[in-house]
Every structure is written in C-alpha cells, then in structure tokens.
Amino acid sequence: MTGRIFKPSTVLIAGVVLLLASWIIPGIWHARRQRAQALARTGARALQQAAQRFYADYGVWPVDRRMAAADIHFGGARRNAGVLNALRAVPGPGNEEHVINPHRTVYFDPPAAGPGRPGLDTRGEFVDSWGVSYHLVFDADLSGMCEVEDTIYRGQIGIGILVWSCGPDRRSDTPDDILTWTPAKPEPLEPL
C-alpha cells in the first residue's frame, strides 16, 4: 500500500493559507462585532434624541400620562412598541387615537431591523443589532432624576431619558450593555 506523498510546496502553501485564515477570520469577526456595537450605539442615541424632541414640543415624555406616577421602564417585560407608536405618530397601543402625539409629528422613523442592524421589528419594537428590544427609562414623574428600578443602573440626576442596548450577550445588566449615559459610580462603603 502506497501512501500519498505531499510535495513540500503543497504543505507550505497549505500552512500559509491556514496561518492567514487564523489571522483574517478573527479580524473579520472582530470588525463585525465592532460595527454591530457602533450601530447599536447610534440607534440608542437616535431613539433618545427623538424622545427629547418630543419632550421639547409637548413638555412631557411619550408615555401614557396615567402611568406617569413614577418613572417608567420599557424593554424587557414592558415592550417599547407603545413609545415607538407615539414617536412614529402611529395610532395603536401606547398612542391610541393619537392621544399621546395629537399633532401627529413624526419624531422617529427607523428602518426595518436587519441582521446586525437596529431597527423596527415585526412587532413594532425598536430592537438593537442583536434583535433585542432597546431599554428606555423615562423621568415620567418629572422629578429631575431618572430612577432605574430592577436593574444594576442607579438613578441618574438631570437626565430625563436613559436608553440602552443589551449588547452582544443579549442580556441587560451586564458589562457589555451599550448605554447613552455614563453611569454614576457606586459610593464607597463606610468603614465599620
């Protein structure tokens, strides 16, 4: 039985190809991840700016006023589609009969979501580059402090709206979340 004998040039070429692939493939993966993160950050800022324009026009945030006894968190358990309906001037949940946005001004007109690109999904939610709904917290009680309940993020003074993407791991409250603000640093514990 005779075995195949590879020519040294074939082995060298195969080695070079494998070496190049080991450099190029991780580089492509890293570039795609960076692009997805940049797009998620841009989407979060665009959503924040749209809500701020709404606030500048109406003097309130684009949420049902009956819910405004406290700050309101959208994303996760509470879908952000109602807020999007108000910002997009679309009648429906969150903006029934245009009651939240009576002037029917379009503040936000996102594209359809796509692979690695934020946008509007088929349920009417604004999702990030990984298909996860953006989180929004509004200072709906107009106290001057955005209280972020049930998350690792503490209240933020002087910011009326907080928006974040869950990031590549698709889970909120982790280090890869993409925030539109700089979180307050935890206060040091008092010595005993």
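**Figure 1. Order of helices and strands along the chain.** Read from the start of the sequence, the secondary structure of this predicted model follows the pattern α-β-α-β-β-β-β-β-β-β. Two helices and eight strands make up this series. Helix H1 covers residues 8–58, strand S1 residues 72–74 and helix H2 residues 81–88. Of the 192 residues in the chain, 40% are buried. Among contacts with a separation of 6 or more, 52% link residues 24 or more positions apart. The accessible surface of the chain amounts to about 11,800 Å², and carbon and sulfur atoms account for 60% of this area.

**Figure 2. The largest nonpolar core.** This core holds 29 residues, and those touching the most other members are Leu 47, Val 63, Leu 87, Leu 136 and Phe 138. At least two residues come from each of H1, S1, H2, strand S4 (135–138) and S7. H1 makes the greatest contribution, with eight residues.

**Figure 3. Surroundings of Leu 87, and a second core.** Apart from neighbours within four places in sequence, Leu 87 is in contact with Leu 47, Ala 50, Ala 51 and Phe 54, and also with Pro 62, Thr 105, Val 106, Tyr 107 and Phe 108. A second core of seven residues is separate from the one to which Leu 87 belongs. Cys 146, Val 148, Tyr 153 and Trp 164 are among the members of this second core.

**Figure 4. Salt bridges around Arg 123.** The model contains four salt bridges. One of them joins the side chains of Asp 121 and Arg 123, with an N to O distance of 2.9 Å. Arg 123 also forms a salt bridge with Glu 125, where the closest N and O atoms are 3.6 Å apart. Asp 121 counts as buried because its relative accessible area is 18%. Glu 125 is likewise buried, at 3%, whereas Arg 123 is partly exposed, with a relative accessibility of 48%.

**Figure 5. The Asp 169 and Arg 171 pair, and the salt-bridge network.** Asp 169 and Arg 171 form a salt bridge in which the closest N and O atoms lie 3.7 Å apart. Asp 169 is partly exposed, with a relative accessible area of 28%. Arg 171 counts as exposed, because its relative accessibility is 53%. Elsewhere, salt bridges with shared partners connect Arg 79, Asp 121, Arg 123 and Glu 125 in one network.

**Figure 6. Asp 177, a buried acidic residue without a salt bridge.** Asp 177 is located in the loop that runs between strand S7 (161–165) and strand S8 (178–179). Side chains of opposite charge can pair when their charged atoms come close. Which side chain of opposite charge is nearest to Asp 177? That side chain belongs to Arg 171, at a distance of 7.9 Å, and Asp 177 has no salt bridge although it is buried. A salt bridge requires a nitrogen and a carboxyl oxygen within 4 Å, so a separation of 7.9 Å does not qualify.

**Figure 7. Polar contacts and neighbours of Asp 177.** The side chain of Asp 177 makes a polar contact of 2.6 Å with the side chain of Tyr 153. A polar atom of the Asp 177 side chain also lies 2.7 Å from the backbone nitrogen of Asp 173. Beyond neighbours within four places in sequence, the residues in contact with Asp 177 are Tyr 153, Trp 164, Ser 165, Cys 166, Gly 167, Arg 171 and Ser 172. Two of these residues, Tyr 153 and Trp 164, also belong to the second nonpolar core.

**Figure 8. Positive phi angles at His 98 and Arg 170.** His 98 is a residue other than glycine with a positive phi, near 60°. His 98 sits in the loop between H2 and strand S2 (119–120), and it counts as buried because its relative accessibility is 8%. Arg 170 also has a positive phi, near 65°. The loop between S7 and S8 contains Arg 170. With a relative accessible area of 49%, Arg 170 is partly exposed.

Key: Residues numbered from 1 in each chain as written. Predicted model: local features only at pLDDT ≥ 70, side-chain atom pairs only at ≥ 80, totals over all residues. Heavy atoms only, no water. Buried < 20%, exposed > 50% of the residue type's maximum accessible area, 1.4 Å probe, protein only. Helix = DSSP H or I, 4+ residues; strand = E, 2+ residues; numbered from the N terminus. Lys, Arg positive; Asp, Glu negative; His and termini not counted. Polar contact = N/O pair within 3.5 Å; in protein donor to acceptor, adjacent residues only side chain to side chain. Contact = heavy atoms within 4.5 Å. Core = buried A, V, L, I, M, F, W, Y, C linked by side-chain atoms within 4.5 Å. Areas by Shrake-Rupley, 256 points an atom, 1.4 Å probe, with all protein chains shown as cover.
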